[in-house]
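Visitor: I'd like to learn how to read the features of a protein model. Could you walk me through one?
Guide: Gladly, let's look at it together.

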Amino acid sequence: MAKSSFSFSMLVFFILGNLGFLLPNAVAIADLTSPYLSPNTIFPEYQKMLHAFRIFICSPQNTKNTISYNTPAESLFHASLVNSPFVTLNPEKAHLFFVLFPSDFSTRSISRFVRDLRFELPYWNRTLGADHFYMSCAGLSYESDRNLVELKKNSVQISCFPTPYGKFIPHKDITLPPLNLNPPPPSLSQSAVNKTATFLGYFRSYGDREESQSSLVNELSGDPDFVIGSNASDQLTHMARLASSKFCLFFYAIDVSGIEDALRFGCVPVVITDGPIQDLPFLDVLRWSEMAVFVGTGGGGKELKHVLERTCKDGSYERMRGLGMKASQHWVWNESPQPYDAFHMVLYQLWSRRHVIRYARREWV
């Protein structure tokens, strides 16, 4: 029995040791110059995806050209996919099936749609939806309806980041990076790369939002090492502050839309949260623990500053800054998709999920 227990413990240690995003210290033997969890795999697999990946779109009553969404990221992903070579009209050649419905679809309408897929096509029943995916910015809740249960439990959900609590299933679901409607010109972000940071941290205040009124922000506003900027600041001022700050602060679940700019300008993101984050974009692709700092609010501004100063002193800051800048290209949305941009990396995550578990059938009362 003792030998069996030892073997099991070693197996668990081996598995966790290969999940660098769960155990930051376990990446010591990895390539510390790469932002990817599997740097030797991502590029050949990406090329395979470009040539082989095929998706069949399942749309209710042929409405795929009139589908409307609530967010720009959803709309751009849908438009990019529909006009891409990844779409096939032959379901037999498809790796995955896109269950397409608009943002204003009720749960009853979604259930009827899945029911129709079950009876009209053979593909849903063979995996109970495990080789299907759907897009819902806020995510779907757990329901008792059979069709919704299978959709939520088995199919891959693409939601917006951050996704409301309880509506995201780690290791299965995917989040869309926020779409920056006013991105800085590439030339400006490139020219800022070699600038010396003069501030320890930068927080862009939005005035009337909850995080702007927090005691933590109020505490930092009196510290000369931090710059607290107003949302009314012009874009050039905002970019100058990004370039002149080592760390950029974001409150998770309130506003994280500026993370892309922070990464591009070499301002290491600091995500402030009192709970675990399981819905980061590209969580199974990027080594987030090596590119961003995650802190709670319990210690206040004093503890947060201590964490950031310690990160600078132990040599982690420059490495995190460099890895973040390398990874920033994956957060960029383009009207016409470009290699390794947000659209292609979301597809890459779908591609990595194409090998599905075929669930056993069960009887429903």
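Visitor: At what angle do the axes of helix H4 and helix H6 cross?
Guide: This is a predicted model, and in it the axes of H4 (residues 107-120) and H6 (residues 146-154) cross at roughly 85°, coming within 8 Å. Angles of 65 to 115 degrees count as roughly perpendicular, so H4 is roughly perpendicular to H6.

Visitor: Which residues in H4 and H6 meet?
Guide: From H4 come Thr107, Ile110, Ser111, Val114, Arg115 and Arg118, and they meet Arg146, Asn147, Leu148, Glu150 and Leu151 of H6. Sorted by class, this contact of H4 with H6 has 4 nonpolar, 3 polar and 4 charged residues.

Visitor: Let's turn to empty space. How many cavities of 30 Å³ or more does the count come to?
Guide: The general idea is that rolling a probe the size of a water molecule over the atoms shows where empty space is left. Here the count comes to 1 cavity of 30 Å³ or more, and the volume of the largest cavity is about 30 Å³.

Visitor: Which residues line the largest cavity?
Guide: Its lining consists of Thr107, Ile110, Leu140, Ser141, Glu143 and Leu148. By class, the lining has 3 nonpolar, 2 polar and 1 charged. You have met some of these names already: Thr107 and Ile110 in H4 and Leu148 in H6 also belong to the helix contact.

Visitor: Now the sheets, please. In what order do the strands of the sheet with S1 come?
Guide: In general, strands of a sheet pair through backbone hydrogen bonds, either parallel or antiparallel. This open sheet of 5 strands runs S1-S2-S3-S4-S5, with parallel pairing. Strand S1 (55-58) and strand S5 (174-176) are the edge strands, each pairing on one side only. From one strand to the next the twist averages 25°.

Visitor: How many bridges join S4 to S5?
Guide: Strand S4 (residues 156-160) and S5 run parallel and are joined by 3 bridges. As an example to find on screen, Ser159 has Thr175 in S5 as its bridge partner.

Visitor: What is the strand order in the sheet that holds S7?
Guide: That one is an open sheet of 5 strands in the order S7-S6-S8-S9-S10, and its pairing is parallel. Strand S7 (226-230) and strand S10 (293-295) stand at the edges with a single partner strand each, so one side of each has no neighbour in the sheet. On average, neighbouring strands here are turned by 25° against each other, direction ignored.
Guide: Strand S6 (residues 199-205) runs parallel to S7, with 5 bridges joining them; Phe203 stands opposite Ile228 in S7. Helix H12 (residues 316-327) packs on this sheet, where it touches strand S8 (245-251), strand S9 (268-272) and S10, and its direction makes about 100° with that of S9.

Visitor: Back to helices: at what angle do H2 and H13 cross?
Guide: The axes of helix H2 (residues 39-52) and helix H13 (residues 342-352) come within 10 Å and cross at roughly 95°, so H2 and H13 are roughly perpendicular to each other. Among the contact residues are Tyr46 and Met49 of H2 and Tyr348 and Trp351 of H13. The class division of this contact is 9 nonpolar, 2 polar and 2 charged.

Visitor: And where does H3 meet H13?
Guide: Phe77, Ser80 and Leu81 of helix H3 meet Phe343, Val346, Leu347 and Leu350 of H13. That contact divides into 6 nonpolar, 1 polar and no charged residues.

Technical notes. Residues numbered from 1 in each chain as written. Predicted model: local features only at pLDDT ≥ 70, side-chain atom pairs only at ≥ 80, totals over all residues. Heavy atoms only, no water. 1 Å grid on protein atoms, 1.4 Å probe; cavity = no way out; pocket = protein on both sides within 12 Å on 5 of 7 lines; lining within 4 Å. Points joined across faces, edges and corners; volume = space filled by probe spheres on them. Nonpolar A, V, L, I, M, F, W, Y, C, P; charged D, E, K, R; others polar. Axes fitted to C-alpha atoms, helices over the stretch in contact; angles between N-to-C directions. Helix = DSSP H or I, 4+ residues; strand = E, 2+ residues; numbered from the N terminus. Parallel < 35°, antiparallel > 145°, perpendicular 65-115°, else oblique. Contact = heavy atoms within 4.5 Å. Pairing = 2+ DSSP bridges.
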